[in-house]
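Student: I have a structure to look at and would like to understand the words used for it. Could we go through them together?

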Amino acid sequence: MNRRRPAALLAAAVIGSVVLVAGCSDEGKPVSFDSGASSPSSKASASQAPQKNDPASAKNGAAAQTLLPTGPKAEFTTQSTLADGTKIGVTTLQGAKSGFTGKVWVWAPKQYFEDKYKNSGFPVLIALPGGNGYPKNYWMGTDLKLQSSISEWSKTGKSLPFIVVMPVLNPDAKRYYDGSDIPGQPKMGTWMTDDVPDFVQANFRTFKSRDGWAFMGSSSGGFVGLKSVLKRPDRFKAVIASGPDIVPDSPLWAGHEAEKQANNPEKLAQDLITANGPEVALAFQVGTKESTVVPNVQKFIATYGKGPIKTRLQLIEGGTHNAHTYVKGMGEGTMEWISKQMLAPVPSS
């Protein structure tokens with residue numbers, strides 16, 4: 001399947017990243033995500049949580065798993081402001097391990113700034129776009145309502161209050177790199193699974209455990225999220241893969257078959273089954289009108305959805321290969337299922 005530039009997803013990117021974001025009066029102004037415990041004195045109190053008589057902490061161990069920001073602190077500017085006052089910020093990240101430099105957009109939910117959660121980590125959702133995914137990640141646009149939907153779902157128990165991280169997917173708009181370290185090319189696999197998480201840990205209260213880390217991606221981003229979780233189950237627990245391809249197909253793999261197979265979700269899934277873990281949660285979403293995608297996803301689930309690989313398929317009635325379709329599916333059960341696989345923030349008693 002050609003994952004270069006799906007028309008429906010491209011349209012969403014243009015609308016989200018240009019039209020609505022341009023109307024933000026605070027755009028370009030400095031924004032801080034500092035909140036709660038970040039001083040050396042507060043680290044001591046965080047390390048003492050959870051208390052033995054704290055039922056919420058005892059239930060999922062989240063407080064004990066909290067990792068306070070490690071630094072160095074990044075400088076963010078405002079990309080847009082949501083109706084609840086929360087902001088989508090943007091910064092430029094120089095990847096220490098990959099050597100790649102690119103934009104990263106971040107949104108933290110309102111709960112992140114509440115005093116009762118000041119000593120608790122928050123789960124992270126790395127959201128990846130389809131198409132070129134460069135120079136912008138279309139999930140940073142407010143028209144798709146990803147962040148505002150998570151905000152509403154978190155109030156009703158349909159979602160955890162995720163920190164949403166939106167890095168660029170590719171190093172240019174000309175070629176697709178399969179979110180991998182293709183020999184001789186920018187190390188986009190290292191960027192996605194090392195540099196981006198390291199950056200998030202430097203700036204936000206997160207979880208030490210992989211149970212606090214997940215991907216979400218549509219189309220080509222769905223492939224990268226799926227591949228990343230299967231390749232690095234030590235660091236990531238779950239993925240929402242919407243309308244994804246199942247196998248790598250960048251022409252840049254020519255002459256590098258062994259490396260290509262090392263980034264093939266089918267091989268990675270079989271290796272995980274053979275090793276009997278660790279357990280991962282793969283939530284697939286496909287619109288019923290995606291006739292070429294549905295059978296491939298169903299075949300993958302039938303073949304590899306066993307042992308440590310837990311799967312779920314959300315068929316979105318009338319849905320097409322479109323980002324709006326996938327947000328709809330997330331609200332119809334996908335987010336709730338993924339949220340149950342992960343650590344939740346724990347309020348102070």
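**Rings that meet**

Tutor: Gladly! In this predicted model, ring pairs join Phe33, Phe76, Tyr112, Phe113, Tyr117, Phe122, Phe199 and Phe204 into a cluster. The structure holds 13 aromatic pairs.

Student: Why is the pair of Phe33 and Phe76 called edge-to-face?

Tutor: The ring centres of Phe33 and Phe76 are 5.0 Å apart, and rings pair if their centres lie within 6.5 Å. Their planes stand at 85°, and over 60 degrees counts as edge-to-face, so the pair earns that name.

Student: What makes this pair a tie between parts of the chain?

Tutor: Phe33 lies in the loop between strand S1 and helix H2, while Phe76 is in strand S3, so the pair ties together parts that are 43 residues apart in sequence.

Student: How do you know that Phe33 counts as buried?

Tutor: Its relative accessibility is 5%, and buried means under 20%, so Phe33 counts as buried.

Student: And why is the pair of Phe33 and Phe204 called tilted?

Tutor: The centres of Phe33 and Phe204 are 5.2 Å apart, with 50° between the planes. Because that angle is neither under 30 degrees nor over 60, the pair is tilted. Phe204 is in the loop between helix H5 and strand S8, 171 residues from Phe33.

Student: What makes Phe204 buried?

Tutor: Phe204 has a relative accessible area of 0%; the cut-off is under 20%, so Phe204 is buried as well.

Key. Residues are numbered from 1 along each chain as its sequence is written. This is a predicted model: local features need pLDDT of at least 70, side-chain atom pairs count only at pLDDT 80 or more; totals for chains, interfaces and linings use all residues. Side-chain values use heavy atoms; hydrogens and water are left out. Rings of Phe, Tyr and Trp (its six-membered ring) pair if their centres lie within 6.5 Å; planes under 30 degrees apart count as stacked, over 60 as edge-to-face and the rest as tilted. Helices (H or I, at least four residues) and strands (E, at least two) are DSSP runs, numbered from the N terminus. Buried means under 20% relative accessible area, exposed over 50%, partly exposed in between (1.4 Å probe, protein chains only).
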